[in-house]
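Hello,

Here is the structure I promised to pass on. Please have a look, then read my notes below.

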Amino acid sequence: MTGGSGAERPRWREDFPVRWDADNYMTRRELAKFLTLGSGLLASVNVLIAFIGLNGALPTPPARRIAGVDEVAPGGSLLFRYPTADDPCILVRDALGAFEAFSQVCTHLSCAVVHRPDEQAFACPCHKGSFSSSDGRPLTGPPTRRLPRIVLEQHGADLVATGIKV
Ligand code: FES
C-alpha cells in the first residue's frame, strides 16, 4: 500500500513513459518555413496543371459522314454518334435550313437531351435543364456549361463531322 504523498509518480507514467528531453519541438521559424515551401509546391503544381490544360489540346477525331443534307427537314433533328459509338449527338436543322450539331449529353449530370423545335432548345428531362439549339449555351435549370459543339462541314450532299469544340 502506498503512502499517498504528492511526490509519488502516477501509475500511468509507468505505462506511457514520455521522455521530454528526447522529444523534438518544431520552432515557429521551422513551421513558417514548412508552410511557405508547402504553399510554393502547391502553387507550382497548379501552374503545371494550367499549362497542361492550355496546351494539351485533345487530338482531333477523324472526319465522318453523319447524314445526307436531305435526311433532315427544316425544324427537324437526327441522332447520331460521334466520334465513337459511345458518344450520342444530335443534329438539328433550323427553320431557315442551317445545320448545327451538339453532344446529346447534358453537361449537368449526363442525361440525354431532346430537341424541342418549338422552343429552339434542347430539354433535359432529368432536372429540367435546357440549352439553346443554335449555340448549345445553357438556358434554364442547373447546367452551367454549354453542350459541346460538333464541327460540321458540307461535302456536296453530305454532312461530315470533323471535330468537337468544347
Ligand atoms: S442532368 Fe440535365 S439538368 Fe441535370
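**Notes on strand E3 and its partners**

Ile-90 has its bridge partner in E4, and that partner is Phe-102. This is a predicted model, in which local features need pLDDT of at least 70, side-chain atom pairs count only at pLDDT 80 or more, and totals for chains, interfaces and linings use all residues. Residues are numbered from 1 along each chain as its sequence is written, and side-chain values use heavy atoms, with hydrogens and water left out.

Strands (E, at least two residues) are DSSP runs, numbered from the N terminus. Two of them pair if DSSP finds at least two bridges between them.

E3 covers residues 88–93. Strand E4 (residues 99–103) runs antiparallel to E3, with five bridges joining the two. Five residues lie between these strands in their hairpin, where Gly-97 takes a positive phi near 100°.

Strand E2 (residues 77–81) also runs antiparallel to E3, again through five bridges. Phe-80 has Cys-89 of E3 as its bridge partner. The E2 and E3 hairpin has six residues between its strands.

How many residues of E3 are buried (under 20% relative accessible area, 1.4 Å probe, protein chains only; exposed is over 50%, partly exposed in between)? Six of six. One side has Pro-88, Ile-90 and Val-92; the other has Cys-89, Leu-91 and Arg-93.

Best wishes

Note on methods. Helices (H or I, at least four residues) and strands (E, at least two) are DSSP runs, numbered from the N terminus.
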